[in-house]
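User: I have this model open on my screen and would like a close look at a single part of it. Could you take me through one helix, and then show me how its surroundings fit into the rest?

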There are 2 protein chains.
Amino acid sequence: MTAADMFRSRLGLRWPLVQAPMAGVQGAALAIAASRAGALGSLPSAQFALPALREEAGALAAALRADRLPWALNFFAHRAPAVDAAREARWRAALAPFHAEAGIDVAAVPAGAGRMPFDAAAAEVVEALRPPVVSFHFGLPEPALLGRVKALGCLVMSSATTVDEARWLAARGCDAIIAQGLEAGGHRGHFLDDDLTRQAGTFALLPQVVRAVALPVLAAGGIADAAGVRAAMALGAAGVQVGSAFLLCPQATTTELHRTALRSPRAAHTALTNLITGRPARGIVNRLMRELGPMSDAPPAFPLATAAIAPLRAWAEARGADDFSPLWCGQHPPRFDGVPAGEVVQALGAGFDG
Amino acid sequence: MTAADMFRSRLGLRWPLVQAPMAGVQGAALAIAASRAGALGSLPSAQFALPALREEAGALAAALRADRLPWALNFFAHRAPAVDAAREARWRAALAPFHAEAGIDVAAVPAGAGRMPFDAAAAEVVEALRPPVVSFHFGLPEPALLGRVKALGCLVMSSATTVDEARWLAARGCDAIIAQGLEAGGHRGHFLDDDLTRQAGTFALLPQVVRAVALPVLAAGGIADAAGVRAAMALGAAGVQVGSAFLLCPQATTTELHRTALRSPRAAHTALTNLITGRPARGIVNRLMRELGPMSDAPPAFPLATAAIAPLRAWAEARGADDFSPLWCGQHPPRFDGVPAGEVVQALGAGFDG
């Protein structure tokens, strides 16, 4: 039995295909559609406060349980940073011209908040709902928290951007590794080293991770269609995780501004930027990235950059501009536009069938 | 007939596999061995002054003509820059602590020199030898020079690092495009835009180039074995160009210092650096890259950075240190060590045969 067959059959999947969790552009609806079509639908849980998480994850569980279909809750495993007044001041100074242009009183904007890490309250939600899969980004939560998830029998996955990270995850009880190539959209999953030069493209990273760990390895980054699935499987993947291909599905909550950018020639130029959240993430280049980065020393630690950006984003979006919006997208923009997620799953799934 | 078959049969190749030209680590011997085994051997011609080019290219032609085997001459198509005294002074200032440490009188080191672009004298060599293939890096030479090559019936190839570059090359008479993914070792081939964020991994770049141009597209970057060949072909490549896999062949002239680095755990960390020549190239991280870069505003235009680095390299290498040496390598280090080039070709070729 191949690693792909093991991964697929353990979860009862038609194909070893994970719909990537994408905070900000999807809720349960996309995950439900993906799981119903034979993939593993994922809910990006870090985007929710606790009541909303209970509601959205509960809806996902309720929709799929009756048909015994698998699903995943995804959490961020960073350590929440304390607000550093000096760094926050530096960040607000860098943004001051934009705040002035928008007439925003930044003194009224509290620092802090942003994406929450997996914590005891989130573990209680997991214990209540018992998702078949729990996936993490930015490493793994502390051992006691991870132990609570493992004790439920959930299959645990996390992203590796280097061979060292894959080995680290394997040694700490991960059941499957997502090898996240540099092509991937959204946040880079690195957690051992923030030197971006260490991160490789899928073509180089995937086979080296497959050789380094005795676990199923899912390929992520640059996979946009059945041909991409075939290529990943040729390189030894046990399956694939695909995100950007779903961004233009009707079940995604991608804003119209974001959809417009994804459909435009601008989608050909993505870059890693730490300006939106404080951590590098790949998105279509916009005004903020052009004028301050795309990478910069100014933002505070993830996710604290978000607070001072949020009112700028709201101001610009109200005027039809994506100047300060996260336009996450991988280096292979979506090839499906307006196609329901179930059909995207089937189109990708054809890559597993020969 | 597929694009792969067309490329292969036009050239009389056993497999649509190009041994990548690698200046500094090979001469005719590696190309001869690759072509004899069924690939397209390439001579990195930009590394030679004219008399040496005539000799080495002549030896390549002579070795393969009798057996009617194909071969390629590769040239750089940059425009030679004038020495800019201010930039040269800034560069020497950045290197001053190293020159002092080595006791090098940098005033005695002339500026200038380095890799030469394809010019009228090189065109005469091409006219005399009529190579089946002429490949370029950094775009294409000016139309009159390119016309001389095209008039001979040589198949002309060049590298594209973006879809825009692929379209540009196709519009100017290129017969095949090398889609150079970000994983590739050595110099990036970009020529339309020096914004490195525009450059994508092979997984994303290759299929987008295949869709954009009606020419055979060869995949380069991250391909290290038969599985890599299969993956590239799944993504629509007409063939592949492979470099790093040959670095440890006995026919390569890779230095022992470079071979030692390639065999070590250090090979897991490559980065793009412009410190060695003035243009970004991927190599194993060494002291120079750690202390001044890896990317820096200090170096003058390609290839002028080389002059002030050369005596540092010689000094360090004489002491057994690779601190200032180009340790070019892709993000997928060589999997064959001490294996003759013909056997590496056969191992890669198996990826085309199923």
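Analyst: Let's start with one helix, then move on to a small sheet, the contact between the chains and one last residue.

First, keep in mind that this is a predicted model. Confidence looks like this: chain A averages a pLDDT of 96, and 100% of its residues score at least 70. For the complex, the predictor gives an ipTM of 0.96 and a pTM of 0.97.

Now the helix. Helix 5 of chain A covers residues 120–129, and its buried residues are A:Ala122, A:Ala123 and A:Val126. These three span an arc of only 105° around the axis, so they sit on the same side of helix 5 of chain A. Turn to the other side of helix 5 of chain A and you find A:Ala120, A:Ala121 and A:Ala128, which are exposed. So what do the buried residues of helix 5 of chain A pack against? Two of the elements are helices of chain A, helix 3 (50–65) and helix 6 (143–151), and the others are strands of chain A, strand 3 (71–76) and strand 4 (133–137). If you follow the backbone out of the helix, you come to A:Arg130 just after helix 5 of chain A, with a positive phi of about 45°.

Further along chain A there is some strand pairing to look at. Strand 7 (residues 186–187) and strand 11 (residues 281–284) of chain A pair in the antiparallel sense, over two bridges. Within that pairing, A:Gly186 is opposite A:Arg282 of strand 11 of chain A. Strand 11 of chain A also runs antiparallel to strand 10 (residues 270–273) of chain A, and four bridges join them. Here A:Ala271 is the residue that stands opposite A:Gly283 of strand 11 of chain A.

Over in chain B, there is an open sheet of three strands in the order 7-11-10, with antiparallel pairing. Its edge strands are strand 7 (186–187) and strand 10 (270–273) of chain B, each of which pairs on one side only. Strand 7 of chain B is joined to strand 11 (residues 281–284) of chain B by two bridges, in the antiparallel sense. Look at B:Gly186 and you'll see that its bridge partner in strand 11 of chain B is B:Arg282.

How are the two chains placed relative to each other? Chain A superposes on chain B after a rotation of 180° with 0.0 Å of shift along the axis, at an RMSD of 0.0 Å. The two copies are therefore related as by a two-fold rotation axis. In chain A, the C-alpha nearest that axis belongs to A:Ala231, at 2.0 Å from it.

As for the contact itself, 30 residues come from chain A and 30 residues from chain B. On the side of chain A that touches chain B, the elements giving two or more residues are helix 8 (202–212) and helix 9 (226–234) of chain A. The residues on that side of chain A split into 14 nonpolar, 13 polar and three charged. Since 100% of the interface residues of chain A are also interface residues in chain B, the copies meet through the same surface.

One last stop is B:Glu343, which lies in helix 13 (residues 341–349) of chain B. B:Glu343 counts as partly exposed because it has 13 C-beta neighbours inside 10 Å. The C-alpha atoms of B:Glu343 and B:Ala37 are separated by 7.7 Å, with the two residues 306 residues apart along the chain.

Definitions and conventions: Residues numbered from 1 in each chain as written. Chains lettered and ligands numbered in written order. Predicted model: local features only at pLDDT ≥ 70, side-chain atom pairs only at ≥ 80, totals over all residues. Buried ≥ 20, exposed ≤ 12 C-beta atoms within 10 Å, placed from the backbone. Arc of directions from axis to C-beta. Contact = placed C-beta atoms within 7 Å. Nonpolar A, V, L, I, M, F, W, Y, C, P; charged D, E, K, R; others polar. Pairing = 2+ DSSP bridges. Least-squares fit on C-alpha atoms with pLDDT ≥ 70 in both. pLDDT = per-residue confidence, 0-100.
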